[in-house]
Amino acid sequence: MSRSRPALVPLLCAVTALALAGCRGRGGGDASEDDDDDAPPADLDELQCDPTVTVPAVALRRLSRRQLQRTVADLVAGSMGAQAQAVQDEIGWALEAWPEDLPTNAPGRKRGGFRRLDQAVHQAHIDAANALGVELGRAMTATDDRVTALMGSCATDDDASNDEACVVDFIESFGRRALRRPLTDAEVAFYIEVFVGETITSLDPSAVGDVIAVMVASPQLQYFVEHGADPVDGVADTYWLSDYELASRLSYHFWQTMPDEELLAAAERGELTTDAGWQAQVQRVFADPRTRQSLRDFFREMWWLDGVAPLDARVGTPVFDAFRGDFEPGPDTTAHAVDEVLDMALFYALDTDGTFDDILLSNRSFAKTDDIAQLYGVAPWDGVSEPPAFDDPQRVGLATRIALLASGSANTRPIMKGVFIREGLLCDDIPPPPDNAAANPPQLSAEQTTREVVEALTETEGTACATCHAPLINPMGFVTENYDALGRARTEQVLFDEEGREVGRKPISTQAVPLVDLVSEEVASGSADLAHMLADSGRPHVCLARQWVRFSLGRIEDDDTDACMIEDVAQRLLDGESLGEALRQIALRPEFRQRAFAEDGT
Amino acid sequence: MTLSRRHLLRGAGGFALALPILPSLRPRSAKAAASVHPPRFVAYTTDHGGVWSEFMFPDDASLTEQMTYAGHTIRRGDLVRGEDGAQAWVSPVLRGGTAQLTEALAGKLNVLRGLDLPFYMGHHTGGQLGNYAANDGGGEDGQTLYGSPMPTIDQVLAWSSAFYSDLSTIRERSLVAGPYHSWGWSSPSTASGSITALPWEYSSLALFNRIFVPDEDETTPRPPVADRVLQAYQSLRQSDRRLSSADRRRLDEHMERIDELQRKLAVSADCGDVPPATEDSAPIANGSSFAYDPAAQVRYWQLYNEVVAAAFVCGTSRVAAFHARESFSDYQGDWHQDVAHQAHFPDGARQNILAEAHRRFFDEVFLDLCQRLDIPEGDDDSTILDNTLAMWSQESGNVTHESISQVVVTAGSAAGCLRTGQYVDYHNRQGSPITFTDGLDQVTRPGLLYNQLLGTVLQAMGLPNEAFQTDPRGGYGALFVTPMRAGHYPSAVLDAMGQWLPWLQA
């Protein structure tokens with residue numbers, strides 16, 4: 001299906017600015033006081049693609065923790081044969097000690113950040129690289145069997161005359177994989193010097209270990225060292241990447257690890273700098289199962305799934321126990337709920353030719369575990385056949401997934417549900433709450449539904465709270481109030497007192513004006529309506545495109561320099577291209593294969 | 001329900017008995033200030049805060065002295081320790097076993113009241129050590145503060161040549177545990193670049209192994225590979241291959257770090273009788289009930305206390321910054337929303353839970369640290385604790401999310417620089433009440449600025465004002481007074497920031 005852009009977009013831009021600007025500031029500030037600095041992120045028509053603009057690059061980007069760990073694991077696996085597992089076991093502590101990457105958010109955002117954007121280099125990284133290198137070198141050369149596996153029989157035979165060739169061959173072959181390109185003559189000489197000075201006279205395993213240690217800590221392994229090749233015509237300070245640089249960029253983007261032998265071989269043949277060769281490798285790499293983990297990381301971080309509350313935290317407390325009834329969340333229930341969302345994303349992105357609309361409108365369960373399937377009221381999915389459909393006609397789309405509904409308590413959180421849709425699905429910027437707004441959290445009431453409590457607390461006319469909550473935040477959360485705090489369907493809310501005694505029931509109201517496009521006052525009667533309104537608006541598509549570009553470039557996107565990439569991905573999603581294809585296409589963009597080297601640091 | 005001080009005292013273990021004035025709590029002499037031992041710094045910050053003043057602070061009756069300072073009256077008095085046989089206390093929350101909170105140890109404490117961050121700053125991490133930019137962005141103040149990130153004082157110390165004038169035994173310039181608590185420059189040796197959160201350690205055992213120096217290995221090691229790694233970076237940096245200026249800056253910063261690694265690898269230190277650690281904190285935190293198991297939480301942090309004590313004995317580090325985010329309560333629900341965010345409700349029900357949790361932290365974690373450090377050092381009569389400044393601060397003041405009236409509890413005299421055994425109240429009792437939170441019984445009034453405390457700490461650690469101050473008036477931390485509170489802080493308060501906090505200098 002091809003969808004034209006929303007007709008209201010030109011009007012939307014002006015009104016959007018007013019709408020979001022109106023809900024900001026302490027004490028119910030005047031909307032007219034706002035300025036353009038607080039304008040919401042641009043939608044598609046606001047982007048102006050200029051292919052001659054220089055696209056800034058992240059300076060000497062380092063490998064993420066996950067990339068580093070996988071690289072070392074693959075290096076070991078590819079070098080040690082049957083000895084690999086033993087080495088992996090011994091270096092496990094050093095890999096685990098690698099500093100965590102911190103989620104790095106867009107400015108002003110508290111959630112939805114991507115860890116691969118964390119480019120800080122601390123002393124802990126340098127210390128960890130040294131410790132890992134030394135430990136890896138020791139472990140890979142700890143026994144004759146390991147040395148033989150690593151270097152061949154020349155390293156352990158009684159013939160000293162082949163030692164020099166053995167060492168040089170090792171440096172060249174291991175170095176090619178560790179450094180992700182053939183070593184230069186100077187580099188080979190350098191590593192020979194690391195081995196034992198300028199002349200190789202004996203094959204000392206600890207010297208081999210030193211070579212490994214230095215390679216592991218070297219800039220060529222720790223960073224994406226890119227020098228570029230030919231200049232890009234018409235784009236200042238920008239160069240096409242070389243074959244080997246492209247091999248790394250591609251493999252780390254989709255696999256989070258080093259290039260495989262086929263990719264290195266293609267680079268060696270110079271195929272990656274040809275359109276046909278590049279396209280073939282992009283196709284192959286994207287289709288490889290290793291891409292799954294990268295996309296899982298992307299969707300997990302984009303949809304705030306690391307922040308899903310522990311669903312078993314309140315088991316044993318009176319109100320929660322009364323609320324949950326026979327269903328007892330276990331320690332793995334939260335992870336199962338998250339997996340269900342990620343399995344859905346990969347089902348449409350990789351396992352089928354699904355579209356982003358399929359995710360936004362899916363009425364199928366991807367729950368493979370009994371706990372989540374029970375909450376949905378369906379049979380567990382076997383992961384192979386067609387996922388079971390929900391009987392519930394309102395259970396449509398992403399916002400009705402357990403992981404995004406469950407709160408870990410007995411009460412739903414309409415505010416947080418609304419904030420997620422605004423920021424996580426639509427990329428809207430919500431101004432910060434007034435000072436100390438959090439001092440009065442919504443309380444579960446024995447007389448009111450959660451919606452009523454939230455309305456009373458945040459929608460009193462004339463208050464600072466109401467300017468944001470009433471039009472923009474709460475309605476998005478209210479429309480899914482037909483699901484309880486464990487994500488179970490409901491038509492009424494059971495009210496409890498503090499001892500967990502049922503004191504009443506009140507009907508649920510899901511009708512609201514969600515202002516998806518910030519203009520239309522179309523009423524949503526429930527979650528199914530909201531899902532369709534979101535899909536029809538096209539705004540989640542642009543938001544997804546933004547975040548995919550952010551994830552791909554490893555930095556916060558810029559509307560001036562990155563418009564071409566965002567627009568391309570978004571348009572493909574809007575045109576109904578398969579989700580996988582739209583995501584894969586980022587690697588075919590010229591910007592993906594280029595690098596800027598401006599002296600101002602970009 | 002309205003809680004009284006007496007209520008909490010009873011609830012925690014018995015009736016208040018006689019409250020003798022502590023002996024020998026006079027200011028330390030100039031002789032002590034000239035200690036030959038280097039000062040150390042340990043900062044603990046706990047989440048939330050929000051303990052009401054009547055539970056947190058000692059009795060007003062102990063404030064026996066007063067003077068005018070920065071335009072208002074401030075007060076002090078010797079800490080008064082009470083005990084009932086099993087428990088001892090200086091306030092309802094600041095209490096512990098009589099064997100832990102001894103008279104001698106109480107004489108090494110300070111309890112400070114009336115230190116303000118004059119802006120709204122919710123859910124911050126690092127604010128207690130001077131980086132106010134690490135907040136939740138709530139309110140206009142939070143957004144404004146985003147623009148003024150600063151290194152936390154533990155990192156100022158870690159990279160100060162005045163503090164670390166001799167690095168020959170220092171394996172780790174600072175020990176960091178707990179998330180987003182310690183912030184530093186990307187190029188700390190040049191105090192430039194960007195401000196980022198330092199990685200924090202999850203494993204006390206791993207941290208221990210970084211500061212512990214086992215007996216010398218007799219075998220002759222090969223030369224450190226770090227030298228060769230540095231060569232690899234230099235080769236790339238100096239090559240004529242295309243790099244951006246930002247690429248080169250990154251390489252420079254990396255090579256600075258390798259220099260530091262080389263320095264650390266060359267350290268020679270002697271841990272004497274310190275036994276190797278065997279227990280690790282990480283498995284404790286991975287326990288399924290850790291979130292509501294205060295005994296496990298306490299043990300988790302006691303293991304870090306063990307690391308600090310070992311590092312100070314070994315002389316392999318002199319700075320630690322810990323962020324304890326645990327509840328220290330068996331409350332089995334949403335601590336943040338249900339307790340911390342409701343602790344200001346007038347019925348006091350949640351406040352009682354919160355106060356008890358803080359009491360437990362003080363008793364079993366902070367006092368545990370003090371006890372581990374209170375061991376003789378050298379030939380004089382001082383202990384490592386005497387030569388340390390251990391500081392416990394909390395995310396908020398006496399009301400959750402309120403940054404007025406920060407709670408600061410210290411132990412040790414920083415090698416004789418600090419006068420101890422005091423309860424000092426800097427707040428202006430005649431000042432107008434200020435609060436962001438409606439409907440509170442708690443009345444908070446302005447005092448002196450928290451920046452002045454941070455400046456005092458740095459000075460106590462031997463740093464001259466000019467080594468750290470970012471505002472001409474002194475102190476440490478971005479100076480920002482939110483407009484709605486500007487009237488509460490006259491220029492005399494701001495002008496005092498460069499001075500030692502009154503009554504603290506020995």
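Guide: Let's start with a term: two residues are in contact if their C-beta atoms, placed from the backbone, lie within 7 Å. Keep in mind that this is a predicted model.

Visitor: Okay, so how many residues does each chain put into the contact between chain A and chain B?

Guide: Chain B gives 50 residues and chain A gives 52.

Visitor: Which elements of chain B supply at least two residues each to that side?

Guide: Those would be α5 (139–146), β10 (192–197), α8 (225–238) and α9 (245–265). The largest share is from α9(B), with 11 residues. Sorted by class, the side of chain B that touches chain A has 20 polar, 17 nonpolar and 13 charged residues.

Visitor: Now chain A by itself. What is it built from, and what share of it is buried?

Guide: Chain A has 25 helices plus four strands, and 54% of its 602 residues count as buried. Looking at contacts in chain A with a separation of 6 or more, 69% are between residues 24 or more positions apart.

Visitor: How do I read a pair of packed helices?

Guide: In general, you describe two packed helices by the angle between their axes and the distance between those axes. Here, take α19 (residues 414–425) and α21 (residues 464–478) of chain A: the angle is about 105° and the axes are 7 Å apart. Angles of 65 to 115 degrees count as roughly perpendicular, so α19(A) is roughly perpendicular to α21(A).

Visitor: And which residues meet there?

Guide: From α19(A), they include A:Pro414, A:Ile415 and A:Val419; across from them, α21(A) brings residues including A:Leu472, A:Ile473 and A:Phe478. By class, this helix contact has nine nonpolar, three polar and two charged residues.

Key
Residues numbered from 1 in each chain as written. Chains lettered and ligands numbered in written order. Predicted model: local features only at pLDDT ≥ 70, side-chain atom pairs only at ≥ 80, totals over all residues. Buried ≥ 20, exposed ≤ 12 C-beta atoms within 10 Å, placed from the backbone. Axes fitted to C-alpha atoms, helices over the stretch in contact; angles between N-to-C directions. Parallel < 35°, antiparallel > 145°, perpendicular 65-115°, else oblique. Nonpolar A, V, L, I, M, F, W, Y, C, P; charged D, E, K, R; others polar.
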